[in-house]
Amino acid sequence: MYTQGLDSLGKECVHTAASDTAALEARFQSKVDADEKIEPKDWMPEAYRHTLIRQISQHAHSEIVGMLPEGNWIARAPTLRRKAVLIAKVQDEGGHGMYLYSAAETLGIEREQMLEQLLAGTAKYSSIFNYPTLTWADIGAIGWLVDGAAIMNQIPICRCSYGPYARAMVRICKEESFHQRQGFEIMLALARGTPEQQAMAQDALNRWWWPSIMMFGPSDTESKHTAQSMRWKIKRFTNDELRQKFIDITAPQAEFLGLKIPDPQLHRDEGSEHYRFGTIDWSEFQAVLQGNGPCNRERLEARRHAHAEGGWVREAAAAHAEKQRARAAQAA
């Protein structure tokens with residue numbers, strides 16, 4: 001999946017990097033501008049490498065931590081079908097994390113190092129997963145809103161300048177589209193159900209709406225990384241552009257469901273054909289990022305416990321691999 005491409009000037013670049021960095025940077029940027037993929041063995045600026053490691057590892061951590069809010073509902077899902085679908089979805093999220101850790105490893109960082117950073121609390125993951133899932137409707141809201149926002153963020157990454165990341169995202173986005181449809185189906189069933197079910201769906205929308213639109217990150221005027229990431233074509237759209245696209249698509253879906261988005265200022269501007277929305281409470285976003293969300297400590301503790309409990313599996317796998325290598329060497 002992760003082709004270790006080496007362009008025709010790769011070896012030359014290694015030898016001249018110390019003396020001709022400016023020329024290498026110019027050649028690198030020209031490849032990016034021409035929409036050519038940067039591969040692991042190509043020369044790249046260290047800042048580009050570090051930006052990718054930060055973004056891909058945070059993305060991977062988000063997939064892994066994101067299994068927790070929904071895994072909590074597998075045994076409590078209302079029907080056998082719902083249980084089976086939710087199991088499949090949570091399994092997908094684990095797979096996405098593995099794809100992304102593999103993509104990050106092509107940049108020279110070890111998976112163990114990334115996991116250590118997550119468990120130590122020094123690595124970030126999406127703030128959205130620090131909110132609790134209080135009712136079954138929350139599972140629908142996560143699929144519809146959270147995975148919908150994720151798709152809006154991630155589809156452009158399929159055209160990311162870094163090859164392994166772009167290729168990983170193709171399959172991830174296909175599976176995320178299933179997750180979004182699953183969530184919308186749950187919300188539709190509740191919205192067409194009893195008054196109690198309708199109230200449950202509305203309550204979930206009330207609690208998940210603002211955290212979902214915060215997923216796109218701070219406004220463009222406050223974003224530290226957007227301008228450079230767009231120049232390198234790691235990102236293709238700004239945070240505010242993606243947020244607007246998401247709201248323009250999601251607001252009519254809420255109307256179809258008969259649910260009301262909890263924003264009294266939300267309205268369609270006929271002139272621009274965009275939905276205008278109210279002021280986002282960025283203080284909440286910053287509080288969650290700093291570890292003060294409703295479930296920050298709970299999520300990290302769950303990951304630490306799972307990592308400790310799985311120690312014997314890792315040891316057994318390593319022992320088996322060593323035994324296989326010894327047998328192969330003896331046979332040779």
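**Stop 1: the loop between α2 and α3**

Select P40, a residue in the loop between α2 and α3. This is a predicted model, so every value on this tour is computed from it. P40 has a relative accessible area of 10%, so P40 is buried. Now add A103 to your selection. P40 and A103 are 63 residues apart along the chain, yet their C-alpha atoms are separated by 9.4 Å.

Stay in the loop and click D35. D35 also sits between α2 and α3. Its phi is near 65°, a positive value in a residue other than glycine. Why look at that sign? Most residues other than glycine have a negative phi. D35 is partly exposed, because its relative accessible area is 45%.

**Stop 2: a second positive phi**

Go to E273. You will find E273 in the loop between β1 (267–269) and β2 (274–276). Phi of E273 is near 60°, again positive in a residue other than glycine. Is E273 buried or exposed? With a relative accessible area of 53%, E273 is exposed; the cut-off for that word is over 50%.

**Stop 3: aromatic rings**

Show the side chains of F28 and Y48. F28 belongs to helix α2 (residues 21–33) and Y48 to helix α3, 20 residues apart. Their ring centres lie 4.8 Å apart. Their planes meet at 70°, so this pair is edge-to-face. Both F28 and Y48 are buried.

Next, add W43 and W232. Together with F28 and Y48, these two residues form one aromatic cluster.

How many aromatic pairs does the model hold? The count comes to 10. One of them is F28 with Y48. Here is another to select: F184 with F256. What kind of pair do F184 and F256 form? F184 and F256 are stacked, with 6.5 Å centre to centre and 25° between the planes. F184 lies in helix α8 and F256 in helix α11, 72 residues apart.

Colour these two by accessibility. F184 counts as buried because its relative accessibility is 18%. F256 is exposed, with a relative accessible area of 53%.

**Stop 4: A254 in α11**

Stay with helix α11 and pick A254. A254 has 1% relative accessibility and so counts as buried. Now pick M187 as well. A254 and M187 are 67 residues apart along the chain, and their C-alpha atoms are separated by 9.6 Å.

**Stop 5: two packed helices**

Hide everything but α7 (136–154) and α8 (163–191). Two packed helices are described by the angle between their axes and the distance between the axes. What are those values for α7 and α8? The angle is about 145°, and the axes are 7 Å apart. The crossing of α7 and α8 is left-handed. Look at what fills the contact of α7 with α8: 13 nonpolar, 9 polar and 2 charged residues.

**Stop 6: the largest pocket**

Bring the whole chain back and turn on the surface. The largest pocket has a volume of about 1300 Å³. Which residues should you select to find its centre? Choose R54, Q58, M215, F216 and G217, which lie nearest the centre of the largest pocket. In total, 47 residues line this pocket.

Now colour the helices. Among the elements that each supply at least two lining residues are α3 (46–65), α5 (80–105) and α7. So do α8, α10 (226–231), α11 and α12 (282–292). Finally, colour the lining by residue type. The lining of the largest pocket holds 18 nonpolar, 17 polar and 12 charged residues.

**Stop 7: the second largest pocket**

One more pocket to visit. The second largest pocket has a volume of about 400 Å³. Select R111, L115, R303, H307 and R314, the closest to its centre among the 16 residues that line the second largest pocket. Three elements give two or more residues to this lining: α5, α6 (111–120) and α13 (296–309).

Which element gives the most to the lining of the second largest pocket? α6 does, with 6 residues. Colour by type once again. The lining of the second largest pocket divides into 8 nonpolar, 3 polar and 5 charged residues.

Technical notes:
Residues are numbered from 1 along each chain as its sequence is written. This is a predicted model: local features need pLDDT of at least 70, side-chain atom pairs count only at pLDDT 80 or more; totals for chains, interfaces and linings use all residues. Side-chain values use heavy atoms; hydrogens and water are left out. On a 1 Å grid over the protein atoms alone, a cavity is a set of points where a 1.4 Å probe fits but cannot get out, and a pocket is an open set with protein on both sides within 12 Å along at least five of seven lines; lining residues have an atom within 4 Å of a point. Grid points are joined across faces, edges and corners, and a volume is the space filled by probe spheres set on the points. Helices (H or I, at least four residues) and strands (E, at least two) are DSSP runs, numbered from the N terminus. Ala, Val, Leu, Ile, Met, Phe, Trp, Tyr, Cys and Pro count as nonpolar, Asp, Glu, Lys and Arg as charged, and the others, Gly among them, as polar. Axes are lines fitted to C-alpha atoms, for helices over the stretch in contact, and angles run from 0 to 180 degrees between N-to-C directions. A crossing is left-handed if the near helix is turned anticlockwise from the far one by less than a right angle, and right-handed if clockwise. Rings of Phe, Tyr and Trp (its six-membered ring) pair if their centres lie within 6.5 Å; planes under 30 degrees apart count as stacked, over 60 as edge-to-face and the rest as tilted. Buried means under 20% relative accessible area, exposed over 50%, partly exposed in between (1.4 Å probe, protein chains only).
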